[in-house]
Amino acid sequence: KKHSDLDSARHYCNLAIEAAQRSNYDNLLPMIFTCLARIDIREGRYDQAKSDLDNCDKILEALARFPDTQYSPVGFYAFGKIFESFLTLRTRNELYAARFELSKKTGQLEDAINYQRLCFESGDTLRAVQQGRQLELLMAEAEAERTDQKIRALGQENELNRLKLTQNRF
């Protein structure tokens with residue numbers, strides 16, 4: 001059962017790679033390669049796992065060097081950039097976690113310690129970015145509420161002025 005589940009997972013990852021390549025949405029590829037590497041590690045295919053993680057790393061580096069050429073599935077450009085940045089940070093964190101796991105399994109304990117440190121650091125960065133985005137969202141919501149209150153107050157003031165004008169005419 002476990003082996004067939006891993007085979008199914010590998011099959012769907014391979015289908016996902018094909019779909020990602022057809023869509024030109026390269027941010028999916030590193031995530032898929034990380035998933036494949038985790039499958040390889042569970043199956044004891046450590047050389048293949050290293051190759052998958054190297055592919056993941058290579059694509060992440062290319063995306064970091066050329067971020068503006070990346071197609072975004074999110075319609076609003078500014079939000080899309082935030083979304084892409086978050087996905088890249090998250091994938092980098094997953095990459096370090098998988099490299100940590102692979103290094104442990106292959107007995108490269110010094111590398112494992114380094115990847116664990118990188119995983120913790122990237123996780124901290126990811127959480128800080130999430131909290132910063134949440135704070136920005138809360139601030140934007142508060143500003144929108146203040147603007148709505150001003151609009152309602154101006155509407156009431158206009159209505160009052162209209163009533164005064166009407167009253168003065170009679």
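The lining of the second largest pocket in this predicted model combines three nonpolar, three polar and four charged residues. The space in this pocket comes to about 170 Å³. Its walls are formed by Tyr46, Asp47, Lys50, Arg99, Leu102, Ser103, Thr106, Gln108, Asp111 and Tyr115. Three elements give two or more residues each to this lining, namely α3 (46-65), α4 (77-105) and α5 (109-169).

A step back to the whole chain helps to place these elements. The protein chain has five helices and zero strands, and its pattern along the sequence reads α-α-α-α-α. Of its 170 residues, 27% count as buried. Among contacts between residues at least 6 apart in sequence, 61% join residues at least 24 apart. Several such pairings appear in the residues described below.

Helix α3, one of the contributors to the pocket lining, is a good place to look at helix geometry. With 20 residues at 1.5 Å a residue, α3 should span 28 Å, and the 29 Å between its end C-alpha atoms agrees with that. Its buried residues are Ala49, Asp52, Leu53, Cys56, Ile59, Leu60 and Leu63. Viewed down the helix axis, the buried residues of α3 fall within an arc of 120°, so they line one face of the helix. The spacing fits a general rule: an α-helix has 3.6 residues a turn, so residues three or four places apart point the same way. Asp47, Lys58 and Arg65 are exposed on the other side of α3. Asp47 also belongs to the lining of the second largest pocket.

Helix α2 takes in residues 28-43. Its 16 residues reach 23 Å from the first C-alpha to the last, close to the 22 Å expected at 1.5 Å a residue. The buried set in α2 is Leu29, Pro30, Met31, Ile32, Phe33, Thr34, Leu36, Ala37, Ile39, Asp40 and Ile41. After α2 comes Gly44, which has a positive phi, near 80°.

Four residues of α2 show what surrounds this helix along its length. Leu29, a member of α2, is buried because its relative accessible area is 8%, under the 20% cut-off. Sequence neighbours up to four places away aside, Leu29 touches Ile17, Ala20, Gln21 and Ile59; the last of these is among the buried residues of α3. The C-alpha atoms of Leu29 and Ala16 are separated by 8.2 Å, with their positions 13 residues apart along the chain.

Ile39, also in α2, has a relative accessible area of 7% and is therefore buried. Beyond its neighbours up to four places away, Ile39 touches Leu6, Ala9, Arg10 and Cys13. Leu6 is 33 residues from Ile39 along the chain, yet their C-alpha atoms are separated by 6.4 Å.

Asp40 follows in the same helix, α2. How accessible is this charged residue? At 0% relative accessibility, Asp40 counts as buried. Leaving aside neighbours within four places in sequence, Asp40 is in contact with Arg10, Arg45, Gln48, Ala49 and Asp52. Two of these partners, Ala49 and Asp52, appear among the buried residues of α3, and Arg10 is also touched by Ile39.

Glu43 is part of α2 as well, but it is partly exposed, with a relative accessible area of 23%. That value lies above the 20% under which a residue would count as buried. Not counting residues up to four places away in sequence, Glu43 touches His3, Leu6, Asp7 and Arg10. Its C-alpha atom and that of Leu6, 37 residues apart along the chain, are separated by 8.2 Å. Leu6 and Arg10 are also found among the partners of Ile39.

Helix α4 is represented here by Thr91. Is Thr91 buried or exposed? Its relative accessible area is 2%, so Thr91 is buried. Neighbours up to four places away aside, Thr91 touches Pro30, Met31, Thr34, Cys56 and Leu60. Pro30, Met31 and Thr34 are buried residues of α2, while Cys56 and Leu60 are buried residues of α3. Thr91 and Met31 are 60 residues apart in sequence and 5.9 Å apart in space, C-alpha to C-alpha. Thr91 of α4 thus has contacts with residues of both α2 and α3.

Notes
Residues numbered from 1 in each chain as written. Predicted model: local features only at pLDDT ≥ 70, side-chain atom pairs only at ≥ 80, totals over all residues. Heavy atoms only, no water. Buried < 20%, exposed > 50% of the residue type's maximum accessible area, 1.4 Å probe, protein only. Contact = heavy atoms within 4.5 Å. 1 Å grid on protein atoms, 1.4 Å probe; cavity = no way out; pocket = protein on both sides within 12 Å on 5 of 7 lines; lining within 4 Å. Points joined across faces, edges and corners; volume = space filled by probe spheres on them. Nonpolar A, V, L, I, M, F, W, Y, C, P; charged D, E, K, R; others polar. Expected span 1.5 Å × (residues − 1). Arc of directions from axis to C-beta.
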